[in-house]
Amino acid sequence: MDAFFASVALRDRPDLHDQPVAVGGGHRGVVLSANYVARAHGVRGGMSGVRARRLCPDLVSLPGDHATFSAVSSALRDIFRRFTPVVEMASLDEAFLDVRGATRLLGSPLTIAEMVRATVHEEQRITCSAGVAPTVSVAKIASRRAKPDGVVVVPPGEVVGFLHALDVEELYGVGEATAAKLRRAGLRTVRQLAHAPAEEVRAAVGPGAARQLHLLAWGRDRAELHERRGPQEPDRSMGAQRTFARDLTDRDEVLREVLGLAAKVTRRLRAGEVAGRTVVLTVRYADFTTLTRSQTLPEPTDVTQEVYAAAVALHDAEVARNRASRGGRRGRSAALRLVGVRVEGLVPRTRVHRQRVLGERERGWPEADRAVDRATGRFGSGAVRPATLLGVVPTPPALTGRTAGEAGEGAGEGAGEGAGAGAGGGAGEPPSDQFH
């Protein structure tokens, strides 16, 4: 989608269509999305609200409505499935579609892309851009090139020429850190990367990344999609995050926030009747350095205390690592600006069978969680809380980045910007009907 959150927020605000608008970014918050008027001033998703207003003093900040964004995302998914059953949702506002099976009935991939875009505009009153290409990464890059509100087609025979004219940072999945390593090695264009000796690339980015980059540089990445089997399949992750009103250095204060986020996420897991094995902690320091750490549990869980315990362990390990890297000295970078908790690898709760350990007493936390859910469902979110959180004002629902069913733009451009589709070819022949 084109500036998804901003586009949705502006659907019923014609008075703001020509104004610079951002969703989020109030006070110390982070901009989730900005319309193209605001982007002309340099405002981008993932930017702090303070910096955004410094770049654009007339910026209008609108609140985000997670329920509305999710409803629009579900409607988009339904639209995509009218054209093909093979749909891989990459985030709230981004999808790959395999349209090989639809070309005989509907026409060329370009025709189908235009039909999808017209339907999205007519029914949801927002615009999207599409890239048509043989593989996932090339389709993604083409959709970026098509923005806003356009289509770019890269036929199979033109993939290499299309890619080799790009700078390395335009490759799908190449972030600032990897691009900087490649530039230091003298590899500034995809053409240079494609023809560089393998040992030179390995020395710059490591063996694993070097192999993947070689495939990307020649357009030989994934062509088949991992479609979800039906509307009842769970999201791949659920999470929440919070930007603090002031930078925090006190462990107890930070862990209170972590507990509140863990409770919020697990409540959503239980409501969705899913559980997950991997707990991910995101921390953003006062200097805006953002890190994620993860821990995989022995079995999937939706229990608040289990997710919280894993998040605490991740937090303490990160604090120790950070202090060691600074020689044990406390400094500005030790203060935290944001913390997030996410649970990944979700499966339906009916598939989870908790393994009892010999001699273990029943802890009762799952039953306690569900009792709290019943109470808060009847009397409100603040009716029952952990004692640690008494006196703490409940935070509004947070939007998270780049997961199916979650917000896609919070991590910056490319975290969920770009609508469309993808497809792959049959065995033994180059795929040609993929768009993103």
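Buried here means under 20% relative accessible area. By that cut-off Ala3 is buried, because its relative accessible area is 1%. Keep that in mind as we walk through this structure, which is a predicted model.

**Around the start of the chain**

Ala3 sits in the segment before α1 (4–9). Its phi is positive, about 45°, even though Ala3 is not a glycine. Most residues other than glycine have a negative phi, and most peptide bonds are trans. Glu273 also goes against that habit, with a positive phi near 55°. You'll find Glu273 in the loop between α13 and β9 (274–285). Glu273 counts as exposed because its relative accessible area, 58%, is over the 50% cut-off.

The peptide bonds have an oddity too: the one joining Lys147 and Pro148 is cis, with omega about -10°. Pro148 belongs to the loop between α7 and β7 (151–153).

**The annotated spots**

UniProt, in an unreviewed entry, marks Glu94 as "active site". The unreviewed entry also puts a "binding site" feature at Asp93. Glu94 is part of strand β5 (residues 94–98), while Asp93 is in the loop between β4 (87–91) and β5. Are these residues buried or exposed? Glu94 is buried, with a relative accessible area of 0%, and Asp93 is buried as well, at 2%.

Here are some residues with their places and accessibility:

| Residue | Place | Relative accessible area |
|---|---|---|
| Ala3 | segment before α1 | 1% |
| Asp93 | loop between β4 and β5 | 2% |
| Glu94 | strand β5 | 0% |
| Glu273 | loop between α13 and β9 | 58% |
| Ala375 | helix α15 | 18% |

**A small sheet**

Three strands make up an open sheet, in the order β2-β1-β3, with mixed pairing. On the edges are β2 (31–34) and β3 (60–62), each pairing on one side only. From one strand to the next, the twist averages 30°. Strand β1 (residues 21–24) and β3 run parallel and are joined by 3 bridges. If you want to find a bridge by eye, look at Ala22, whose partner in β3 is Ser61.

**Two nonpolar cores**

In soluble globular proteins, nonpolar side chains tend to be buried together. The largest nonpolar core here has 32 residues, and Leu163, Leu171, Leu193 and Leu213 touch the most other members. Several helices supply at least two residues each, among them α8 (159–164), α9 (176–184) and α12 (207–217). Which helix gives the largest share? That is α7, with 5 residues.

Leu163 is a handy place to start looking. Leaving aside neighbours within four places in sequence, its contacts include Val138, Ile141, Leu171, Val190 and Trp218. There is also a second, separate core of 30 residues, which includes Val274, Val283, Val312 and Leu314.

**Helix α15**

Helix α15 (residues 365–379) has 15 residues and reaches 21 Å from its first C-alpha to its last, close to the 21 Å expected. Its buried residues are Pro366, Asp369, Asp373, Ala375 and Thr376. Among what covers them are α13 (251–271) and α14 (304–325).

Ala375 has a relative accessible area of 18%, so this residue falls under the 20% cut-off and counts as buried. Not counting residues up to four places away in sequence, Ala375 touches Gly380, Ala383 and Val384. Gly380, in turn, follows α15 and has a positive phi, near 110°.

Terms used
Residues are numbered from 1 along each chain as its sequence is written. This is a predicted model: local features need pLDDT of at least 70, side-chain atom pairs count only at pLDDT 80 or more; totals for chains, interfaces and linings use all residues. Side-chain values use heavy atoms; hydrogens and water are left out. UniProt positions are given in the numbering used here, feature names are shortened, and annotations may be inferred rather than shown by experiment. Helices (H or I, at least four residues) and strands (E, at least two) are DSSP runs, numbered from the N terminus. Buried means under 20% relative accessible area, exposed over 50%, partly exposed in between (1.4 Å probe, protein chains only). A nonpolar core is a set of buried Ala, Val, Leu, Ile, Met, Phe, Trp, Tyr and Cys residues joined through side-chain atoms within 4.5 Å. Contact means heavy atoms within 4.5 Å. Two strands pair if DSSP finds at least two bridges between them. Axes are lines fitted to C-alpha atoms, for helices over the stretch in contact, and angles run from 0 to 180 degrees between N-to-C directions. The expected span of a helix is 1.5 Å times one less than its number of residues.
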